[in-house]
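The exercises below concern one protein model. Work through each task before reading its solution.

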Amino acid sequence: MFATGIGYDVHRFLEGRPLILGGVRIPHAMGLEGHSDADVLCHAIADALLGAAGEPDIGHYFPNTDESLRGISSIEILRQVQAVLTKKSVVILNIDATLIAEMPKIAPHLSAMKAALGGALSLPPQRIGIKATTNEGMGFLGRGEGIAAMAVAAVDRSDEF
Ligand code: MG
């Protein structure tokens, strides 16, 4: 049966951290604050996939109270999410995502992000959409306080639900 899931995440900028988006390190004056590598795009995608599979969210599987997960690569989180899906015979059909940030420019990194995400999820890059937009200067995103990401996932589920 066909199923969909949605994911949303936001992380605030913090100086002294590398900026990792979609598994790619992007040159920027600031990174994102978080218990993991704070890859907001991976987190939104993880929640979309878990939702589509009828599973609890990323906070259930990777709680920010678990010290063993401090600094974990979010590409590794996606690998583990993919393993959860495979165990349930859930097959990913496609993923589409939007990054919302005033800075930095995302377009030069899109193909590297799709390759990294596709590698983690065993999904051809052409089944992964990533778009980027600004918040037109409005609100916390518009003031450049952080980056938000939205994602949807479509899957094929063999279980009865
Ligand atoms: Mg997050």
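**Exercise 1.** Decide whether glutamine 82 is buried or exposed in this predicted model, and list its contacts beyond four places in sequence.

*Solution.* Start with the location: glutamine 82 is part of helix α3. Next take the relative accessibility, which is 15% for glutamine 82. The cut-off for buried is under 20%. Glutamine 82 therefore counts as buried. Last, leave out the neighbours within four places in sequence; glutamine 82 is then in contact with Ile92, Ala120, Leu121 and Ser122.

**Exercise 2.** Classify the packing of α1 against helix α3 by the angle of their axes, then describe the contact by residue class.

*Solution.* Helix α3 spans residues 74-87, and its axis comes within 9 Å of that of α1. The two axes cross at roughly 10°. Angles under 35 degrees count as roughly parallel, so α1 is roughly parallel to α3. From α1, the contact takes in Cys42, His43, Ile45, Ala46, Leu49 and Leu50. From α3, Ser74, Ile75, Ile77, Leu78, Val81, Val84 and Leu85 take part. Sorted by class, the contact has eleven nonpolar residues, two polar ones and no charged ones.

**Exercise 3.** Which residues touch the most other members of the largest nonpolar core, and which helix gives the core its largest share?

*Solution.* The largest nonpolar core has 48 residues. Within this core, Leu21, Ile45, Leu49 and Leu99 touch the most other members. Helix α1 (residues 40-52) gives the largest share, ten residues. Nonpolar side chains tend to be buried together in soluble globular proteins. For Leucine 99, set aside residues up to four places away in sequence; the residues touched then include Leu21, Val40, Leu41, Ile106, Met113 and Ile130. Lys131 and Thr133 are also among the residues that leucine 99 touches.

**Exercise 4.** Give the strand order of the five-stranded open sheet, and place helix α4 relative to the sheet.

*Solution.* The order is β4-β1-β7-β5-β6, and the pairing is mixed. At the edges are β4 (30-32) and β6 (128-133), each paired on one side only. On average, neighbouring strands of the sheet are turned by 25° against each other, with direction ignored. Helix α4 (residues 110-121) packs on the sheet and touches β5 (90-100) and β6. The direction of α4 makes about 140° with that of β6. Finally, take one pair inside the sheet: β1 (residues 2-15) and β7 (residues 146-157) run antiparallel and are joined by eleven bridges. Glycine 7 has alanine 151 of β7 as its bridge partner.

Key
Residues are numbered from 1 along each chain as its sequence is written. This is a predicted model: local features need pLDDT of at least 70, side-chain atom pairs count only at pLDDT 80 or more; totals for chains, interfaces and linings use all residues. Side-chain values use heavy atoms; hydrogens and water are left out. Two strands pair if DSSP finds at least two bridges between them. Helices (H or I, at least four residues) and strands (E, at least two) are DSSP runs, numbered from the N terminus. Axes are lines fitted to C-alpha atoms, for helices over the stretch in contact, and angles run from 0 to 180 degrees between N-to-C directions. Contact means heavy atoms within 4.5 Å. A nonpolar core is a set of buried Ala, Val, Leu, Ile, Met, Phe, Trp, Tyr and Cys residues joined through side-chain atoms within 4.5 Å. Buried means under 20% relative accessible area, exposed over 50%, partly exposed in between (1.4 Å probe, protein chains only). Angles under 35 degrees count as roughly parallel, over 145 as roughly antiparallel, 65 to 115 as roughly perpendicular and the rest as oblique. Ala, Val, Leu, Ile, Met, Phe, Trp, Tyr, Cys and Pro count as nonpolar, Asp, Glu, Lys and Arg as charged, and the others, Gly among them, as polar.
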